[in-house]
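Visitor: Please pick one part of this model and take me through it closely. I would like to know what it packs against and where that leads.

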Amino acid sequence: MGLDYSYEIFMPPRNAARALTWLAELAPQGRHMPPLPITLPGGEQLIVPFTSRFKSEPVDCSAGGTLELDTSVMIGVDEAVREFHLRDSDRVDEQGRVSVGYIYLTVTFSPTQHPNFASLQFMAATSDMSRMFMQSATVRQVFTDLTAATGGVCCLLDTETDVFDICWLNGETVSDETVPGARFPRFHDLVAAWREPVE
């Protein structure tokens, strides 16, 4: 069994469309694949440059549930990205970024544990990518920037232990804080602290 580390972002469900749009802007340019039409809860429709379960057939999530996407995003090259991901054949763009994918995204529109917040979980596809998720500052920044830009309330890094690393909370970057931890003994305590962003 390999490592399946992931970043998980929580946000008001109405912000999911904004998050997917922002994510689409991070996708590598020039990839030749059919666009994927998605219908979100409430009927809003988006087209994204990804696949769902490696298919490009329209996905209807108007009744809620979950959305699964196979994503690739452009991420800045730091030492961890260079060590675990960069190959001689990879092209670095003019902004110093390289394409990282597949990153498997599961969007849960009303999770059972906290139905007022949608969950976007980005899972690494390989053990090396999992290690990069844990060690790369630029990877972490991509997910905290996504949280900030789309009105997310919390971003966590899951390294398959009983302890989650808190990366972002209520509008602020967080370092060296976990759940369970001194401030949040239980996940319930962390959820209770979430504040919906003022828009």
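Guide: What follows concerns helix α1 and its surroundings. The model is predicted, with local features needing pLDDT of at least 70 and side-chain atom pairs counting only at pLDDT 80 or more, while totals for chains, interfaces and linings use all residues. Numbering starts from 1 along each chain as its sequence is written, and side-chain values use heavy atoms, without hydrogens or water.

Helix α1 spans residues 16-25; helices (H or I, at least four residues) and strands (E, at least two) are DSSP runs numbered from the N terminus. Its buried residues are Ala 16, Ala 17, Ala 19, Leu 20, Leu 23 and Ala 24. Buried means under 20% relative accessible area, against over 50% for exposed and partly exposed in between, with a 1.4 Å probe and protein chains only. These residues lie on the same side of α1, because they cover an arc of only 160° around the axis; the arc is taken from the directions from the helix axis to the C-beta atoms.

The cover over these buried residues includes strands β1 (6-11), β3, β5 (66-76), β6 (97-108) and β7 (118-124), together with helix α4 (137-149). Contact here means heavy atoms within 4.5 Å.

One of these, β3, leads on to an open sheet of 3 strands, ordered β3-β2-β4 with mixed pairing. Strands pair if DSSP finds at least two bridges between them. Since β3 (45-48) and β4 (59-60) each have a single partner strand, they stand at the edges, and one side of each is without a neighbour in the sheet. Strand β2 (residues 36-39) runs parallel to β4, joined by 2 bridges, and Thr 39 stands opposite Asp 60 in β4.
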